[in-house]
Amino acid sequence: MPNIYPEPLTAAAFAPFGDVLDATGDHRLINEGMCQRHHDRARLDFAPEADPQNRPGLSIFNATPRDLPYTFDLIERHPEGSQAFIPMTQHPFLVIVATSPNDKPRAFLTNGAQAINLHRGIWHGVLTPLHPPGLFAVVDRIGPSANLEEYCYPQPWVVQRG
C-alpha cells in the first residue's frame, strides 16, 4: 500500500482545497472588549444556480475516532456546495484531500484549534477525528438534489505517523 505523511495544516498549503478557520490574524474586539471577532473566514458556496431550494445547513456529526497509521480507499466530493468541519473539542483531526482521484492524496493534521472549509467539488477523505469524542459542527449545502460523488481507490493508501 502506498504511504502518505501528514503535513501541518497551514492556510498557504491548504489554499488549493479550501479555507483554514482559526482565531489568528486580523480581528476586532466585540462584547465590551472581551471577545475577538475573526470575521468572514470561509468562502461558503451552496451552488444557488443548481436549484433555488439549496441553502446552508448546520448539522452535528459524531464520528468514530481513528488511529495512525490510518488506511483508506474512499474519497468523496460535493459538487453543489462547500463543506466546513468545525470541531467541538480542541483535539487535532486528520484532513485528506486530492486534486483528483488520479492524483496522490495529501494529508493534513490540524493543531486542535483549527477548522476547515472545503471548497465546492474538492475531493476529500471522510471525517477523521484522532481523539474521542469525534464531535463536529458541519456547515454544508442542504437541498433536494444529490450532492455526493464517491471514488474508491483500487489500492488503499496509508497515512503514517509524521
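The largest cavity here holds about 70 Å³ of space. By cavity I mean a set of points on a 1 Å grid over the protein atoms alone, where a 1.4 Å probe fits but cannot get out. The volume is the space filled by probe spheres set on those points, which are joined across faces, edges and corners.

Two caveats. This is a predicted model: local features need pLDDT of at least 70, side-chain atom pairs count only at pLDDT 80 or more, and totals for chains, interfaces and linings use all residues. Residues are numbered from 1 along each chain as its sequence is written, and side-chain values use heavy atoms, with hydrogens and water left out.

Back to the cavities. The search covered the whole structure and found 2 of 30 Å³ or more.

What lines the largest one? Among the lining residues are F85, F93, L94, V95, I96, I116 and L118. Lining means having an atom within 4 Å of a point. Strand β9 (93–98) and strand β11 (115–118) each supply at least two of these residues. β9 gives the most, with 4. Strands are DSSP runs of E, at least two residues, numbered from the N terminus. The lining divides into 9 nonpolar, 3 polar and no charged residues. Nonpolar covers Ala, Val, Leu, Ile, Met, Phe, Trp, Tyr, Cys and Pro; charged covers Asp, Glu, Lys and Arg; the others, Gly among them, are polar.

The second largest cavity has about 40 Å³. Its lining includes P87, H91, P92, F93, P129 and F136. The split there is 8 nonpolar, 3 polar and no charged.

Now the charges. Side chains of opposite charge can pair when their charged atoms come close. The structure holds 5 salt bridges, each a side-chain nitrogen of Lys or Arg within 4 Å of a carboxyl oxygen of Asp or Glu. Here are three.

R106 pairs with E7, closest N and O atoms 2.9 Å apart. This one joins strand β10 to strand β2, 99 residues apart along the chain. R106 is partly exposed at 28% relative accessible area, and E7 is partly exposed at 25%.

R77 pairs with E149 at 2.8 Å between the closest N and O atoms. That links β7 with β15, across 72 residues. R77 is partly exposed at 26%, and so is E149 at 31%.

Last, E80 and R141, at 3.0 Å between the closest N and O atoms. E80 sits in the loop between β7 and β8, R141 in strand β14, 61 residues apart. Buried or exposed? Both are buried. The cut-offs: buried is under 20% relative accessible area, exposed is over 50%, partly exposed is in between, with a 1.4 Å probe and protein chains only.

Terms used: On a 1 Å grid over the protein atoms alone, a cavity is a set of points where a 1.4 Å probe fits but cannot get out, and a pocket is an open set with protein on both sides within 12 Å along at least five of seven lines; lining residues have an atom within 4 Å of a point.
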